[in-house]
Amino acid sequence: MIKSAKNRIWLASGVAALIGLGLVTAPALAQRDPAYAAARAAGQVGEKMDGYLGVVGSGNAQLRAMVDDINIRRRAVYAEQAQAKGATLEEYAFTAGCLAIARTEPGEMYVAYSTGEWTERTASSPDRDPRCP
C-alpha cells in the first residue's frame, strides 16, 4: 500500500499532526454527536484498518445511515488531504485507520489485524497492522 518507508513516515507524521491539531474535521465532528458517542460506547460501531467506521454486527437502518454519513465525511477529508500530501486516498485512509485504532479506549471496538474480526479494546495495545506507524 505505502510505496516507501520514507513516504509512510512522512504521511503518518502529517496525519498525526492534523489529528493533533484537530484539523481532521469529519471524525472530530462525529465524535461530538451524542448518537455517535452512545453507539461507540455501546460497542455498536468501531474503527476499521481502512480508516473508516464500521457497524459491529448488523445494526439498524438508523445506525448504518449514521456510519455511512460519517464515512462520507471522512472520505472527503482523506481525499483532500491525500491530494495535498501527494499520497493516494488509500494510503492516507490506511494511516488514518492505524491512528484511529491506536486512539481507541478500553471497551471500544476495532477490527483486529490478526483475526480480521471485531475486537473489544483492552488495556493492552490494539492488534494493528505491522505496517502502521
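A salt bridge is a side-chain nitrogen of Lys or Arg within 4 Å of a carboxyl oxygen of Asp or Glu. Keep that in mind as you work through these exercises on the predicted model above.

**Exercise 1.** Decide what links Arg74 and Glu47, and find which elements hold them.

*Solution.* Start with the distance: the closest N and O atoms of Arg74 and Glu47 are 2.8 Å apart. The cut-off is 4 Å, so the two residues form a salt bridge. Next, place the partners. Arg74 belongs to helix H4 (residues 61-85) and Glu47 to strand S1 (residues 45-47), so this pair ties together parts that are 27 residues apart in sequence. Finally, look at the surroundings. Buried means under 20% relative accessible area. Arg74 has 3%, so Arg74 is buried; Glu47, at 1%, is buried as well.

**Exercise 2.** Find the network of salt bridges that includes Arg74, and give the count of salt bridges in the model.

*Solution.* Begin with Arg74 and Glu47, the pair you have just examined. Both belong to a network of salt bridges, together with Arg40 and Glu108. The count for the model comes to six salt bridges.

**Exercise 3.** Describe how Arg73 and Asp69 are placed in helix H4, and whether they are buried or partly exposed.

*Solution.* First, the contact: the side chains of Arg73 and Asp69 meet in a salt bridge, with 3.0 Å from N to O. Then the spacing: both residues lie in helix H4, four residues apart, which is about one turn of the helix. Last, the accessibility: Arg73 has a relative value of 29% and is partly exposed, and Asp69, at 39%, is partly exposed too.

**Exercise 4.** Classify the two partners of the Asp129 and Arg131 salt bridge as buried or partly exposed.

*Solution.* The closest N and O atoms of Asp129 and Arg131 are 2.7 Å apart. Take each partner in turn. Asp129 has 6% relative accessibility and counts as buried, whereas Arg131 has 35% and is partly exposed.

**Exercise 5.** Locate the disulfide and work out its handedness.

*Solution.* There is one disulfide to look for. It joins Cys98 and Cys132, whose sulfur atoms are 2.1 Å apart. Cys98 sits in helix H5 (residues 89-102) and Cys132 in the segment after strand S4 (118-120), so the pair links distant parts of the chain, 34 residues apart. Now turn to the S-S bond: its torsion is about -75°, so the disulfide is left-handed. To finish, both Cys98 and Cys132 are buried.

Terms used. Residues are numbered from 1 along each chain as its sequence is written. This is a predicted model: local features need pLDDT of at least 70, side-chain atom pairs count only at pLDDT 80 or more; totals for chains, interfaces and linings use all residues. Side-chain values use heavy atoms; hydrogens and water are left out. Helices (H or I, at least four residues) and strands (E, at least two) are DSSP runs, numbered from the N terminus. Buried means under 20% relative accessible area, exposed over 50%, partly exposed in between (1.4 Å probe, protein chains only). A disulfide is a pair of cysteine sulfur atoms within 2.5 Å.
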